[in-house]
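The following paragraphs proceed from the chain as a whole to its domains and then to individual loop positions. Please keep the model in view while reading.

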Amino acid sequence: MLRDRLRGELVEPTDPGFPQAKQLQNTEYDTVRPHAVAYCESEQDVVACLRHAQDQGLGVHIRGNGHSMNGWSTGEGLVIDLSRMNHALADGPIVRLGGGIQSLDALDALKPQRRQIVTGTFPTVSAGGFLTGGGLGWQTRRFGVGSDRIAAARVVLADGRSVRCSATEEPDLYWALRGGGGGSFGIVTEFEVHPIDAPMMTGFETLWAYEDAVDVLTAWQEWCVAGPDELGTSLVVLPGMFGPQGRPVVRVWGVHLGPTEQLVAELDVLAERAGAKPISRTVQPRGTYADVMHEALCGSQTVAQCHRTGSGPEARGHRHPYTRQSYRLTGRAATRAESSALLDAWDASLEQEKRERYLLCIALGGAANRVPRTATAYAHRDARFLIGYQMACRNVSEDPGAEARLTAWADRAGAALAPLACGSYINFPSSRVSEDWETDFFGENHARLLQVKRAYDPENFFRHAQSIGSRTLTTKAAS
Ligand SMILES: Cc1cc2nc3c(=O)[nH]c(=O)nc-3n(C[C@H](O)[C@H](O)[C@H](O)COP(=O)(O)OP(=O)(O)OC[C@H]3O[C@@H](n4cnc5c(N)ncnc54)[C@H](O)[C@@H]3O)c2cc1C
């Protein structure tokens, strides 16, 4: 029995923990009922799961911590969960990360070891999906995408072998794992990453009236393009339910790696470019990298509290409700007219619907764009921004027409983004699957990704709706 062969835990549908074990970050996938969920604690556990699934004719779903927006880490087969393989160890010039470690745990574990790593801007995203898809965040401009810093990885392959890949061992696999997306080539049990040298940082937040949104959105993009790599920042347009006095609001926030005076001067430049004054502006005291990132990701919550609700006795991190989204990468600052069109698609007149929705932009460029497009599988070396729209519904089953309205809104948003787009990021997939999604996600690297897939997983054992080869490779039948 698989249960007896695991150091970790197997949770089957009849076990009391199953309703919790099958959850992803988004509640939409709570209706999916996997064959079982295996919490692996070692590479041997992963191999045992793989062999069991193959012997039983089951499909597998690799899960880091379940943040896939389109539910790619669950299904009716065996969920191979890596979340307990969550070590973060400084080892000479590199840092070893378990395949399922969450950003907040890595930051916390590495703090006393005086190491810092690149993470995204959400606390519970795991390295497994984040790094294999690329890995974008506030450190992108200064230190490149997260996967640029992978020195090596240990991977369990479809034939049951465990290999280490690096520039000199299994180099094609090493290339593909840096941006080709999770769930396509094998199960990464450990990453070896180059840490970053960013001991101190300053966090900031500014809020702007919605009436200034076009000017702020336009100015923010120009500001990012002209600004230093030390600036990591996002902009979000939020509906009234999240704004001061119940009014929609624009939030610009992030971190700065240089001296605080430089950040203050940069924020003055933003206000000048926008020709508007923020409702509020907060510049936090300069602090250690781990503390500033913890504050940005978790606010005043402790590490235990910041984990996803249900994952521990103190955990209260929120889950996301049913959502429809459109995201694209853009290659330049939008003009004022284009920013205005982006806000038209946001559609302020929907305010009375009282739905959770936002227009989110993350600044990219800098070091990430000084790497050739084909050097790793992550091709988007000309992207300056990730821009997208999300709308959510908390009680979709009791809200007739909600699914159609959310889909229509996300589609309109996608159409507004299309003229600006230079590609799409595999880790922020749109709900609507486009005809040419392979080119959109991987550009000219898709052909090589297919070759690597054929070499390492010719029977397409590792797959999900948008994995490499999911449209072209034939697959052995499995659930
Ligand atoms: C709220 C939220 C905020 C986000 N913020 C950011 C951000 O700031 N920056 C950013 O770049 N992205 C961000 N993302 C996107 C995130 O990086 C991707 O969703 C990522 O794939 C999630 O990784 P996961 O392991 O937690 O998710 P999972 O759903 O577990 O996995 C995602 C995909 O990776 C595969 N996978 C997971 N672990 C492994 C592994 N060890 N080996 C091989 N394949 C694996 C899965 O099979 C699946 O296909 C965010 C997502 C959400 C929902």
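A residue counts as buried when its relative accessible area is under 20%, as exposed when the value is over 50%, and as partly exposed in between. Lys354, with a relative accessible area of 65%, is therefore exposed. The model in which this residue is seen is a predicted one.

Consider next the chain as a whole. The secondary structure of the protein chain consists of 15 helices and 18 strands. For 479 residues, a compact globule would have a radius of gyration near 23 Å, and the 22 Å found for the protein chain agrees with this. The C-alpha trace spans about 65 × 55 × 45 Å along its principal axes. Of the 479 residues, 58% count as buried. Among contacts between residues at least 6 apart in sequence, 72% join residues at least 24 apart.

The surface and the charges can be described in similar terms. The protein chain exposes about 18,900 Å², of which carbon and sulfur atoms supply 50%. There are 49 positive and 55 negative side chains, and the centres of the two sets lie 1 Å apart.

The chain is divided into three parts: domain 1 covers 2-81, domain 2 combines 88-197 with 444-456, and domain 3 covers 200-437. Between the C-alpha centres of domain 1 and domain 2 the distance is 21 Å. Contact between these two domains involves 12 residues of domain 1 and 17 residues of domain 2.

Within the loop between helix H12 (336-346) and strand E16 (356-363) lies Ala348. Its relative accessibility is 36%, so Ala348 counts as partly exposed. Which residues does Ala348 touch, not counting those up to four places away in sequence? They are Tyr210 and Arg357. Ala348 and Pro248 are 100 residues apart in sequence, yet their C-alpha atoms are 8.4 Å apart in space.

Lys354, introduced above, also lies in the loop between H12 and E16. Its phi is near 55°, a positive value in a residue other than glycine. Glu170 likewise is not a glycine and has a positive phi, of about 45°. Glu170 is found in the loop between strand E8 (162-166) and helix H7 (171-176). Is Glu170 exposed or partly exposed? Because its relative accessibility is 25%, Glu170 counts as partly exposed, whereas Lys354 is exposed at 65%.

Note on methods: Residues numbered from 1 in each chain as written. Predicted model: local features only at pLDDT ≥ 70, side-chain atom pairs only at ≥ 80, totals over all residues. Heavy atoms only, no water. Helix = DSSP H or I, 4+ residues; strand = E, 2+ residues; numbered from the N terminus. Rg over C-alpha atoms; globule rule 2.2 N^0.38 Å. Buried < 20%, exposed > 50% of the residue type's maximum accessible area, 1.4 Å probe, protein only. Contact = heavy atoms within 4.5 Å. Areas by Shrake-Rupley, 256 points an atom, 1.4 Å probe, with all protein chains shown as cover. Lys, Arg positive; Asp, Glu negative; His and termini not counted. Charge placed at Lys NZ, Arg CZ, Asp CG, Glu CD. Domains from an automatic or database assignment.
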